[in-house]
Amino acid sequence: MAADNSVTLPLLTPYKMGDFHLSHRVVLAPLTRSRSYNNMPQPHAALYYSQRASEGGLVIAEATGVSATGHGGINTPGIWTKEQVNAWKPIVDAVHQKGGIFFLQIWHVGRISSYEAGSQPNGEAPVSSTDKGLSPGVYGEDWPPARRLRTDEIPGIINDFRLAARNAIEAGFDGVEIHGAHGYLIDQFLKDKVNYRTDEYGGSVEKRCRFALEVVEAVADEIGSHRVGIRLSPYSDCGEAGDSNPDALGLYMANALNKYNILYLHVIEPRVNGITTVNEQETAHRLLPMRKAFKNTFIVAGGFNRDEGNKAVGGNYADLVAFGRLYLANPDLPKRFKHDAPLNKYNRSTFYIQDPVVGYTDYPFLEVSS
């Protein structure tokens with residue numbers, strides 16, 4: 001086993017993120033795990049998240065629905081009811097007991113909601129920026145047509161995000177990350193290949209970004225900008241939400257977000273599209289204009305390993321690096337990075353099963369003397 005070289009590893013250096021003092025730069029990315037039965041956070045999540053928490057480490061919880069019409073998929077958690085808030089509290093406490101800093105990712109899935117998943121009350125059509133549903137067979141399912149949100153309905157959706165953020169703070173979270181990536185509702189407004197609107201929420205890049213920025217403003221006003229981050233994926237076409245000019249879209253958002261002085265911007269590398277690595281050989285650097293434009297903490301994610309993460313931080317390409325699959329399979333990932341130890345291999349077939357243990361809390365820890 002390699003000697004302890006944590007002093008020289010950029011990923012393991014401390015960092016001040018607003019009011020939060022991080023002891024290292026290794027972030028647990030938000031990962032859907034499909035183990036919140038009936039949209040209710042479960043006790044087994046306390047073990048899962050606390051396993052991956054460390055003193056001064058940033059943990060971002062899985063995407064969590066802001067409303068009964070906003071959640072997607074089977075057994076994803078919510079934060080819109082008092083019962084859900086109470087169910088999150090012991091999970092948050094478990095992470096805080098380990099000294100972790102815990103943010104909740106809040107989402108509205110928009111049109112990525114199937115009747116089969118039971119996502120929509122009374123079998124109603126999912127709402128979106130458009131009336132167009134996903135193509136048959138996307139993600140292995142058939143999808144109902146979406147219903148285009150009327151302009152006068154949009155403030156209600158924004159209010160759902162605001163209330164979800166308030167609920168997250170009540171549950172004890174240190175802050176929230178707004179999910180503006182991967183083809184979900186906010187991304188459906190951002191991208192010109194899905195947003196065909198002709199009102200004030202469609203057309204130019206400024207108008208397509210309006211919904212996202214209004215959500216950011218509402219959430220920041222509710223809980224304080226120092227507790228708010230947002231995740232974006234301008235280069236992704238997940239959920240058939242692509243854009244003809246992702247460079248311009250990403251740069252516009254990075255600049256526009258400065259107005260609200262939010263805590264961080266979390267961006268997906270273009271080499272990764274959802275759970276698929278589209279270009280294994282491509283190294284990070286295309287996000288550099290966004291990194292330079294955004295004034296506060298900049299987090300990158302998407303296919304990073306230990307060496308690439310160290311180069312990203314050491315080269316000032318990013319402040320923090322979020323790890324998904326590697327952290328899922330290695331609950332003690334910062335420790336393994338510290339010792340340059342072998343990593344557990346992840347098992348993709350168990351990512352989204354409903355078992356409360358298998359592929360969830362049964363990955364082994366590294367055994368070292370220190």
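The crossing of helices α3 and α6 is right-handed, a crossing being right-handed when the near helix is turned clockwise from the far one by less than a right angle, and left-handed when anticlockwise. The model is predicted, so that local features require pLDDT of at least 70 and side-chain atom pairs count only at pLDDT 80 or more, whereas totals for chains, interfaces and linings use all residues. Residues are numbered from 1 along each chain as its sequence is written, and side-chain values use heavy atoms, with hydrogens and water left out. Helices (H or I, at least four residues) and strands (E, at least two) are DSSP runs, numbered from the N terminus.

The axes of α3 and α6 lie 9 Å apart and make an angle of about 35 degrees; such axes are lines fitted to C-alpha atoms, for helices over the stretch in contact, and the angles run from 0 to 180 degrees between N-to-C directions. Contact here denotes heavy atoms within 4.5 Å. On the α3 side, I154, I157, I158, F161, R162, A165, R166 and I169 take part, and they meet F211, E214, V215, A218, V219, E222 and I223 of α6.

Helix α6 itself merits closer attention. The 14 residues of α6 should span 20 Å at 1.5 Å a residue, and the end C-alpha atoms are indeed 20 Å apart, in agreement with that value. The expected span is 1.5 Å times one less than the number of residues. Because ten of the 14 residues of α6 are buried, the helix is largely enclosed by the rest of the structure. Buried means under 20% relative accessible area, exposed means over 50%, and partly exposed lies in between, with a 1.4 Å probe and protein chains only. The buried residues of α6 are F211, A212, L213, E214, V215, V216, A218, V219, A220 and I223. These residues pack against α3 (154–170), β8 (175–180), α4, α5, β9 and α7. After α6 comes G224, whose phi is positive, near 100 degrees.

One of the packing partners of α6, helix α7 (residues 246–257), has twelve residues; at 1.5 Å a residue these should span 16 Å, and the end C-alpha atoms of α7 are 16 Å apart, which agrees. In α7, the residues P246, L249, G250, M253, A254, A256 and L257 are buried. Their cover includes α4 (185–190), α5 (205–208), α6 (210–223), β9 (228–232), β10 (264–268) and α8 (288–293).

In soluble globular proteins, nonpolar side chains tend to be buried together. A nonpolar core is here a set of buried Ala, Val, Leu, Ile, Met, Phe, Trp, Tyr and Cys residues joined through side-chain atoms within 4.5 Å. The largest such core has 88 residues, of which Y49, I106, I178, F211, L257, L265 and F323 touch the most other members. Helix α6 gives the most to this core, with nine residues. Neighbours within four places in sequence aside, L265 is in contact with I230, L232, A254, L257, M290, F294, T297, F298 and I299. A second, separate core of 18 residues includes M17, A29, F103 and V272.

Charged side chains form a further set of contacts. The structure holds 17 salt bridges, each a side-chain nitrogen of Lys or Arg within 4 Å of a carboxyl oxygen of Asp or Glu. Within α6, R210 and E214 lie four residues apart, about one turn of the helix, and their side chains meet in a salt bridge at 2.8 Å, N to O. R210 is partly exposed, with a relative accessible area of 32%. The side chains of D319 and R291 also meet in a salt bridge, at 3.0 Å, N to O. This pair links distant parts of the chain, 28 residues apart: D319 lies in the loop between α9 (306–314) and β14 (320–323), and R291 in helix α8. D319 counts as buried at 11% relative accessibility, as does R291 at 10%. Salt bridges that share partners join R147, R150, D152 and E153 into one network. Within that network, the closest N and O atoms of R150 and E153 are 3.6 Å apart.

Finally, P77 is found in the loop between β4 (58–65) and α2 (82–97). P77 is buried, with a relative accessible area of 0%. Residues up to four places away in sequence not counted, P77 touches S36, N39, P41, E62, A63, T64, G65 and W88.
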